[in-house]
Amino acid sequence: MRKTLSLVLLLVLATIAHAWADPLTEDMTKLNAQWDAAINDPNFDALLPMYAADASLMPPGAPPVSGPNAIRDFFAKRGTSVRNHKLELVEILPIGNYAYVTSRFKASLVKGEEMTMLSGSTVKLYEHQPNGEWKVKSHMFVRE
């Protein structure tokens, strides 16, 4: 009886916690997962709808890239050398229709027979679109 009551209480608390969850955090966690999936599949065309028409990518050691097609091409040129990419949400700073999202990433870089672990941080400025979607306006990342 005690185990059943404990289980029921646990399920009720989990349901309440989910209901209280921050919708912005849920949206950004989902977008991080979609971005990881696009890189890991690799399906670079899946990046296109994630970026605003005037989006900019500012990669370390390379000139900025503007527009969804150019951003897709930047990542596609890296080919399938990046594997097991995983973004972990660190912080969200909402400002009106915008949200600065800081995440940490880990990934494997494969070159021939060699595999190197990568890690670093990424900051994306998202804009909330009239249709309810969030799109990346600015994307910066740095490797450690």
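Visitor: What makes D54 count as partly exposed?

Guide: In this predicted model, D54 has a relative accessibility of 48%. A residue is buried under 20% and exposed over 50%, and is partly exposed in between. The value of 48% falls between these two cut-offs, so D54 is called partly exposed.

Visitor: Where is D54 placed, and which side chain makes a polar contact with that of D54?

Guide: D54 belongs to strand β1. The side chain of D54 is in polar contact with the side chain of K137, at 2.7 Å. The cut-off for such a pair of N or O atoms is 3.5 Å, and 2.7 Å is within it, so the pair qualifies. D54 also has S66 as a neighbour in space: 12 residues separate the two along the chain, and their C-alpha atoms are 6.6 Å apart.

Visitor: What makes N84 exposed?

Guide: The relative accessible area of N84 is 57%. Exposed means over 50%, so N84 meets the criterion. N84 lies in strand β3, and its phi is near 55°, a positive value in a residue other than glycine. Most residues other than glycine have a negative phi.

Visitor: How do you know that G96 is exposed?

Guide: The same cut-off of over 50% applies, and the relative accessible area of G96 is 72%, so G96 is classed as exposed. This glycine sits in the loop between β3 and β4. Its C-alpha atom is separated by 9.1 Å from that of E127, which is 31 residues away along the chain.

Visitor: How do you know that the span of helix α2 agrees with its number of residues?

Guide: Helix α2 covers residues 23–40, which makes 18 residues. The expected span is 1.5 Å times one less than the number of residues, and for α2 this comes to 26 Å. The C-alpha atoms at its ends are 26 Å apart, so the expected and the computed span agree.

Visitor: Which residues of α2 are buried, and why are they said to line one face of the helix?

Guide: The buried residues are L24, M28, L31, N32, W35, D36, A38 and I39. Viewed down the helix axis, they fall within an arc of 160°, so they line one face of α2. An α-helix has 3.6 residues a turn, so residues three or four places apart point the same way. The face turned away from the buried side of α2 carries the exposed residues P23 and K30. Among the elements that cover the buried residues of α2 are β1 (51–58), α3 (68–77) and β3 (82–95).

Visitor: What reaches the backbone nitrogen of L24 at the start of α2?

Guide: A side-chain oxygen of D22 comes to within 3.2 Å of that nitrogen. Beyond the helix, P42 lies in the loop between α2 and β1, and the peptide bond from D41 to P42 is cis, with omega near -25°. Most peptide bonds are trans.

Visitor: Which residues of α3 are buried, and what puts them on the same side of the helix?

Guide: P68, I71, R72, F74 and F75 are the buried residues of α3. They cover an arc of only 155° around the axis, so they lie on the same side of α3. Their cover includes α2, β1, β2 (65–66) and β6. Just after α3, G79 has a positive phi of about 65°.

Visitor: How many cavities of 30 Å³ or more does the structure hold, and which residues lie nearest the centre of the largest?

Guide: There is 1 such cavity. The space in the largest cavity is about 190 Å³. Its lining consists of 17 residues, of which W35, F75, R78, H85 and F141 lie nearest the centre. Two or more lining residues come from each of α2, β3, β4, β5 and β6.

Visitor: Which element gives the most to the lining of the largest pocket?

Guide: Helix α2 gives the most, with 4 residues. The largest pocket contains about 210 Å³ of space, and its lining residues include D27, K30, L31, Q34 and W134. The elements that supply two or more residues to this lining are α2 and β6.

Terms used:
Residues are numbered from 1 along each chain as its sequence is written. This is a predicted model: local features need pLDDT of at least 70, side-chain atom pairs count only at pLDDT 80 or more; totals for chains, interfaces and linings use all residues. Side-chain values use heavy atoms; hydrogens and water are left out. Buried means under 20% relative accessible area, exposed over 50%, partly exposed in between (1.4 Å probe, protein chains only). The arc is that of the directions from the helix axis to the C-beta atoms. Contact means heavy atoms within 4.5 Å. A polar contact is a pair of N or O atoms within 3.5 Å; within protein, one must be able to donate a hydrogen and the other to accept it, and residues adjacent in sequence count only if both atoms are side-chain atoms. On a 1 Å grid over the protein atoms alone, a cavity is a set of points where a 1.4 Å probe fits but cannot get out, and a pocket is an open set with protein on both sides within 12 Å along at least five of seven lines; lining residues have an atom within 4 Å of a point. Grid points are joined across faces, edges and corners, and a volume is the space filled by probe spheres set on the points.
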